[in-house]
Amino acid sequence: EIAEKIGDFRHVGIWAGNLGNAYAALGEHRKAIEYHQKHLESARQAVDLRGQGHAYANLGVSHAELSEYGAAKDFYQKHLGIACQLGDKRDECHARFSMGLTFFQENDLDESEKCFSQAMKIAQDANIKELAALAMSGRADILLERQQYHTAIELLEDALNLLDSFNDIAVEMRLLESLGNAHSLLEDYPKALAFYQRKLQKARQSGQKVAICNALTNQIGVYRALGEFDLAFIHAQTALKLADELEQKSSTAFIYWQLGLIEELQGNYQLAKRYMQETLDYEKQVNHLDLGSHQIRFNLLLEKIEDL
């Protein structure tokens, strides 16, 4: 308030941005957007180009977390433009990675790969090792989607080794999750679980609720595959509470789907039907990419129930 009264718009923006980041860490992205928008307005008044870029980046993150990918890409593109104008390689790398991640979430693997490759080259040329590792994780995720599992694991292990002399917990958590995903796809569930548990430990150390929710969610499918249904259910209930609190509709949909699969495996078809219907309801709200395949799978469950 004092800064506003004396016209110190640059610091008003910085403090608004910090509040936005705090709300984002708590998963309150609608509230975060309000403060990041305030940061953007103040940075414009202060003619603070770098501040505007950071506000655009943070707005992109919060919109992406709310599955509003079109808005997220628009903000990332504006961040990229400012980063290039300022010649800031670190921000340019972040912007291109964020664009790649959003394309990946939209299942546009070709555009995603292009962005990740650009980010990786920029980071390597500028010797920014933690961002090179981050971009490598993005490329590895594409390899996983293309079922090139062993190549992805090699790339992820190389990226993790780059972090030995750094303390970037966000990048490390992303790498651990991707390694867990890779081993899960190879049906090496104990190894997958070990990576997911390492990620959960890091998430709890950081206090980031979104990361904790995701780390718990990762483990549900592994416990289901191992036949540890009680542990899967415990993790699902904890993750579901967090996902609801954080308005993570895609995560909520995934958790309900896992619960539906667990109940179906145990022959509890009516309960499975209820959970899977919850998934479809949430996926319709966010136009989820898995909606079509899940609807087909749900119809098969209905046929099974009718045949009983």
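**Entry 1: Gln-147**

I looked up Gln-147 first and found it exposed, with a relative accessible area of 58%. The model I am reading is a predicted one. Gln-147 sits in the loop between H8 and H9. Its phi is positive, about 65°, although the residue is not a glycine. I noted this because most residues other than glycine have a negative phi.

**Entry 2: Glu-187**

I then turned to Glu-187, which lies in the loop between H10 and H11. Glu-187 is not a glycine either, yet I read a positive phi of about 65°. Is Glu-187 buried or exposed? I found 58% relative accessibility, and since exposed means over 50%, Glu-187 counts as exposed.

**Entry 3: helix H10**

Glu-187 follows H10, so I went back to that helix. H10 covers residues 169-185, which makes 17 residues. I compared its reach with the expected value: the first and last C-alpha atoms are 24 Å apart, close to the 24 Å expected at 1.5 Å a residue.

I listed the buried residues of H10, and they include Val-171, Met-173, Leu-175, Leu-176, Leu-179 and Ala-182. Charged side chains are on the list too, among them Glu-172 and Arg-174. What do the buried residues of H10 pack against? I found H6, helix H8 (129-145), helix H9 (149-162), helix H11 (189-206) and helix H12 (209-225).

**Entry 4: helix H5**

I ran the length check on H5, residues 69-86, as well. Its 18 residues should span 26 Å at 1.5 Å a residue, and the end C-alpha atoms are 26 Å apart, which agrees. Buried residues in H5 include Tyr-69, Phe-75, Tyr-76, His-79, Leu-80 and Ile-82. Lys-73 is also buried. I looked for what covers the buried residues of H5 and noted helix H4 (49-65) and helix H6 (89-105) among the elements that do so. After H5 comes Gly-87, with a positive phi near 70°.

**Entry 5: Ser-62**

From H4 I picked Ser-62, which lies in that helix. Its relative accessible area is 1%; the cut-off for buried is under 20%, so Ser-62 is buried. Which residues touch Ser-62, once neighbours within four places in sequence are left aside? I found Ala-24, His-29, Ala-32, Ile-33 and His-36 in contact with Ser-62.

**Entry 6: Gln-237**

I located Gln-237 in helix H13, residues 229-246. Gln-237 is partly exposed, with a relative accessible area of 33%. I took one distance here: the C-alpha atoms of Gln-237 and Ile-220 are separated by 9.9 Å, and the two residues are 17 apart along the chain.

**Entry 7: the whole chain**

I finished with the totals. The chain has 16 helices and zero strands. Of its 308 residues, 48% count as buried. A compact globule of 308 residues would have a radius of gyration near 19 Å; I read 21 Å for the chain, which agrees. Along its principal axes the C-alpha trace spans about 70 × 40 × 35 Å.

For contacts between residues at least 6 apart in sequence, I noted that 52% join residues at least 24 apart. The accessible surface comes to about 15,100 Å², and carbon and sulfur atoms hold 48% of that area. Last, I looked up the charges: the chain has 32 positive and 45 negative ones, and their mean positions are 4 Å apart.

Note on methods:
Residues numbered from 1 in each chain as written. Predicted model: local features only at pLDDT ≥ 70, side-chain atom pairs only at ≥ 80, totals over all residues. Heavy atoms only, no water. Helix = DSSP H or I, 4+ residues; strand = E, 2+ residues; numbered from the N terminus. Expected span 1.5 Å × (residues − 1). Buried < 20%, exposed > 50% of the residue type's maximum accessible area, 1.4 Å probe, protein only. Contact = heavy atoms within 4.5 Å. Rg over C-alpha atoms; globule rule 2.2 N^0.38 Å. Areas by Shrake-Rupley, 256 points an atom, 1.4 Å probe, with all protein chains shown as cover. Lys, Arg positive; Asp, Glu negative; His and termini not counted. Charge placed at Lys NZ, Arg CZ, Asp CG, Glu CD.
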